[in-house]
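Trainee: Please show me how to read this fold, one feature at a time.

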Amino acid sequence: MALLPVSAVVDEVLSALQSAAQVMLHAPTGAGKSTWLPLEILRRGGLAGKVVMLEPRRLAAKNVALRLAEQLGERPGQKVGYRMRNESRCVPTTRLEVVTEGHFDPSTAARPDARRRLAGDPG
Ligand SMILES: Nc1ncnc2c1ncn2[C@@H]1O[C@H](COP(=O)(O)OP(=O)(O)O)[C@@H](O)[C@H]1O
Ligand SMILES: [Mg+2]
C-alpha cells in the first residue's frame, strides 16, 4: 500500500506516547488513523499492553476490526478483536481491541500504572 499520511508522523506519535499520558492526533479522514496506525504501533513493539480503539458505532467497529485483521492475514478474534454489547471476538492474546462506548473505560487509560505499561515498563 502507498504510504498513508499518518506514516509521516508515526515516530513523533510514538515518542509522544513515551512521555505523555494523553496524545492527540488530528488528521483528516483517510489519513490512516484507524486502519494503519494501531497496527504500526504494534508492529514496532516497545509498548507493553494492548491497544484499545474506541469506535462508537457497532458496524464501524466490526468493519475496522475486520480490515485490521485482514491486513495481518487473519480474522477478528486473533491478534485483532472487537468487543461490544452481546458480542465479543477477543482472546487472551488479542493485542488490538476495537470497542464500542460501553466497553471503553477511560479511567483505565488515564491511570498512572496504565501509562507505565503503555510506556513499556512492566513495573
Ligand atoms: N476495508 C478497506 N479496504 C481497502 N482500503 C481501506 C479499507 N479501509 C480503509 N481503507 C483505506 O485505508 C486508508 C486509511 O483509512 P483509515 O485508516 O480508515 O483512515 P482514518 O481513520 O484516518 O480516517 C484510506 O485510504 C482508506 O480508503
Ligand atoms: Mg478512522
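Mentor: Start where a helix ends. Helices are DSSP runs of H or I, at least four residues, and strands are runs of E, at least two, numbered from the N terminus.

Trainee: Which residue follows α2, and what is the sign of its phi?

Mentor: G45 comes right after α2, and its phi is positive, near 65°. Keep the source in mind: this is a predicted model, with local features needing pLDDT of at least 70 and side-chain atom pairs 80 or more, while totals for chains, interfaces and linings use all residues. Residues count from 1 along each chain as its sequence is written, while chains are lettered from A and ligands numbered from 1 in written order.

Trainee: Which residues of α2 are buried?

Mentor: In α2, residues 37-44, they are L37, P38 and L39. Buried needs 20 or more other C-beta atoms within 10 Å; exposed is 12 or fewer, partly exposed in between. The buried residues of α2 pack against α1 (10-19), β1, α3 (58-71) and β4 (96-99).

Trainee: How many helices and strands does the chain have?

Mentor: Five helices and four strands. Along the sequence the pattern runs α-α-β-α-β-β-β-α-α. The chain has 123 residues, and 20% of them count as buried.

Trainee: In what order do the strands form the sheet?

Mentor: The general idea first: strands pair through backbone hydrogen bonds, parallel or antiparallel. Here the four strands make an open sheet, β1-β4-β2-β3, with mixed pairing (at least two DSSP bridges per pair). β1 and β3 are the edges, each pairing on one side only. On average, neighbouring strands are turned by 20° against each other, direction ignored.

Trainee: In which sense do β1 and β4 pair?

Mentor: Parallel, over four bridges. V51 stands opposite L96 in β4. α2 packs on this sheet, touching β1 and β4, and its direction makes about 175° with that of β1. α3 also packs on the sheet, touching β2 (80-84) and β4, at about 170° to β2. Angles run from 0 to 180 degrees between N-to-C directions, on axes fitted to C-alpha atoms, for helices over the stretch in contact.

Trainee: Why does V52 count as partly exposed?

Mentor: Because it has 16 C-beta neighbours inside 10 Å. V52 lies in β1, residues 51-54. Beyond four places in sequence, V52 is in contact (C-beta atoms within 7 Å) with E97, V99 and F104. V52 and V98 are 46 residues apart in sequence, yet their C-alpha atoms are 5.9 Å apart.

Trainee: Why is T93 classed as exposed?

Mentor: Because T93 has 8 C-beta neighbours inside 10 Å. T93 sits in the loop between β3 (87-89) and β4. G81 is 12 residues away in sequence and 9.8 Å away, C-alpha to C-alpha.

Trainee: Which residues have the most contacts inside the largest nonpolar core?

Mentor: Nonpolar side chains in soluble globular proteins tend to be buried together. A core here is a set of buried Ala, Val, Leu, Ile, Met, Phe, Trp, Tyr and Cys residues joined through C-beta atoms within 7 Å. The largest has 16 residues, and A61, A65, L68, Y82 and V98 have the most contacts inside it. α2, α3, β2 and β4 each supply at least two residues. α3 gives the most, with five.

Trainee: What does L68 touch outside its sequence neighbours?

Mentor: Leaving out residues within four places, L68 is in contact with T35, P38, L39, V80 and L96.

Note on methods
Contact = placed C-beta atoms within 7 Å.
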